[in-house]
Amino acid sequence: MTNTKNSYGGLARFFHWAIALLILTAFALGIIGDNMPRNAETVDTLKTLYSVHKTVGVTVFILAVLRIIWAIVQPRPVPLHPEKKLETLAAEVMHWALYGALVVVPLSGWVMHAAEVGFANIWWPFGQGLPFVPKSEAVSHAAGAVHGVAVFVLLGAVVAHIAGAVKHVVIDKDDTMARMTKGVSAGDASTSSHSLIAPLAGLGLWVIVIGGALAGNAMAVETAAAPAEVEATQDEPSGIMPVTDAPEWTVTDGRLSFKVAQSGAPIEGVFDTWNAQITYDVDTGLGTVSVNIDTTSLTLGSVTSTAKGPEFFNTDAYTTSIFEAEIARIENGPAHVATGDVTLIGQTVPVLLEFDLQVDGTAAKMTGQALLDRRDFGMGQGYADESTVGFAVDITVELTAQRAE
Ligand code: HEM
Ligand code: HEM
């Protein structure tokens with residue numbers, strides 16, 4: 001069961017191969033999940049896939065903690081070629097980098113999961129949260145950034161590690177592999193013990209990786225705070241089916257506005273009267289939305305009457321605009337898209353509304369943006385260029401809603 005100075009005992013070998021298998025499984029599932037389209041047809045598969053991913057990952061974490069304790073209290077088998085100082089050090093740094101990965105990778109995933117409102121649960125009876133981890137989009141994002149970077153550092157370390165193992169089999173033809181597979185004894189047990197440099201270098205690597213990932217995430221959050229240009233596309237995401245049994249939500253407060261350039265400077269228009277029917281299922285991230293906008297309730301600075309006139313919203317002939325779309329969560333996070341159509345002055349145009357949704361119990365808060373082009377509706381044909389009125393109409397929606405009980 002236990003190690004000696006020149007062999008790995010049964011428990012160390014069990015930890016090594018069990019964790020290697022589980023980690024490759026978790027990695028493969030993570031990559032598959034990351035590349036799977038998110039829509040109504042894949043949502044069940046995704047849920048199962050991520051539940052398996054998380055359950056395997058949490059198992060890795062628990063085994064890894066036990067393994068590291070075991071590695072510290074047990075004798076570490078001596079290097080087979082102590083005279084090759086650099087190679088020995090490289091192999092040992094890699095081992096400690098891998099121990100670090102076995103903690104950082106699953107723990108970052110776990111924190112990301114604990115901080116967000118559930119999608120795919122860990123299959124176990126001990127709850128889904130973590131002590132000291134609040135339900136917070138910022139925390140979940142930051143942990144997700146660490147997870148996303150750490151998995152690739154892990155991949156790099158595993159590839160280097162396996163390459164080293166293969167070299168020992170193919171080129172050196174020594175017992176390095178046999179020590180880990182069959183537990184044979186090899187190496188001179190009287191040679192000197194291991195240096196502290198390897199664990200410190202392994203730890204240092206992870207301090208840099210985590211720091212880098214968090215700094216990168218903080219910068220990305222700052223950039224995202226600036227309004228992003230949202231391109232309306234017709235074909236993405238595809239295949240979303242209407243969801244009829246999702247819970248209904250009632251809008252309790254909200255603001256519907258848009259920005260358009262007037263002589264090059266943005267002016268803001270606001271619709272005072274509108275209502276929305278929303279269905280949304282927190283578990284699947286799918287839903288529907290239908291908005292009725294009273295275009296006569298528009299105010300647009302000093303040009304309100306021009307805007308309501310025949311050249312633009314033509315409110316004498318058309319008093320309502322309708323937006324109908326299907327909602328899908330695009331990642332396991334707050335980001336969503338509503339893909340559908342907006343009908344305005346008799347023209348129906350596809351639109352993509354990108355929004356963030358935060359659900360807290362039965363209350364939800366959303367902020368979103370969509371970009372339209374007035375020419376698609378044949379609006380302002382007398383203003384053929386952008387010198388007086390811009391083409392882009394940047395719509396912003398902010399609302400809070402309450403789930404019907
Ligand atoms: C050994 C452990 C693990 C490995 C090797 C691993 C690997 C991966 C990989 C390769 C991805 C795809 C890349 C990415 O989206 O950034 C991923 C995504 C993900 N992992 Fe893990 N993971 C592990 C443990 C966990 C654990 C324990 C949890 C949660 C309890 C978790 C939750 C997630 C989630 C939610 C995503 C999706 C992130 C997104 O799409 O936004 N992972 N993981
Ligand atoms: C199929 C792939 C793998 C092969 C062929 C392999 C091979 C080996 C061998 C031969 C050793 C002994 C090295 C020595 O005695 O100096 C070893 C040790 C080690 N391997 Fe792997 N390995 C594989 C996958 C992994 C993975 C995925 C990890 C983890 C994350 C890992 C982590 C370690 C660690 C930390 C050690 C140090 C000893 C211990 O605590 O178990 N290995 N590996």
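Six donors count as octahedral if opposite donors are over 155 degrees apart and all others between 65 and 115; four count as square planar under that rule, or as tetrahedral if all angles lie between 85 and 135 degrees, and anything else is irregular. Donors here are N, O and S atoms within 2.8 Å of the metal (3.2 Å for Na, K and Ca), and because water is not among the atoms, sites may look incomplete.

The structure is a predicted model, in which local features need pLDDT of at least 70 and side-chain atom pairs count only at pLDDT 80 or more, while totals for chains, interfaces and linings use all residues. Residues are numbered from 1 along each chain as its sequence is written, chains are lettered from A and ligands numbered from 1 in the order in which they are written, and side-chain values use heavy atoms, with hydrogens and water left out.

The iron atom of ligand 2 offers a starting point. His-16 and His-161 coordinate this iron atom, each through NE2, at 1.9 to 2.0 Å. The arrangement is octahedral because the 6 donor atoms around the iron atom of ligand 2 subtend angles of 88 to 179°. His-16 belongs to helix H1 (residues 10–35) and His-161 to helix H4 (residues 137–172), so the pair ties together parts that are 145 residues apart in sequence. Helices are DSSP runs (H or I, at least four residues), as are strands (E, at least two), and they are numbered from the N terminus. His-16 is buried, with a relative accessible area of 14%, whereas His-161, at 26%, is partly exposed. Buried means under 20% relative accessible area, exposed over 50%, and partly exposed in between (1.4 Å probe, protein chains only).

Around ligand 2 there are 18 residues, of which His-16, Arg-67, Tyr-99, His-161 and Arg-179 come nearest; a residue is counted if one of its heavy atoms lies within 4 Å. H1, helix H3 (85–115), H4 and helix H5 (176–181) each supply at least two residues of this shell. Polar contacts, which are pairs of N or O atoms within 3.5 Å, add detail. An oxygen atom of ligand 2 lies 2.2 Å from a polar side-chain atom of Tyr-99, and for Tyr-8 the corresponding distance to an oxygen atom of ligand 2 is 3.1 Å. His-161 places a polar side-chain atom 2.7 Å from a nitrogen atom of ligand 2.

The iron atom of ligand 1 forms the other site to examine. His-53 and His-147 coordinate this iron atom through their NE2 atoms, at 2.0 to 2.1 Å. This site is octahedral, with angles of 88 to 179° among its 6 donor atoms. Here the pair links distant parts of the chain, with His-53 in helix H2 (residues 43–73) and His-147 in H4, 94 residues apart. His-53 is buried at 15% relative accessible area, and His-147 is buried at 14%.

Ligand 1 has 26 residues around it, and Gly-30, His-53, Gly-109, His-147 and Val-151 come nearest. A polar side-chain atom of His-53 lies 2.8 Å from a nitrogen atom of ligand 1, and a polar side-chain atom of His-147 also lies 2.8 Å from a nitrogen atom of this ligand. Asp-34 has a side-chain N or O atom 3.3 Å from an oxygen atom of ligand 1. Two or more residues of the shell around ligand 1 come from each of H1, H2, H3 and H4.

Notes:
Polar contact = N/O pair within 3.5 Å; in protein donor to acceptor, adjacent residues only side chain to side chain.
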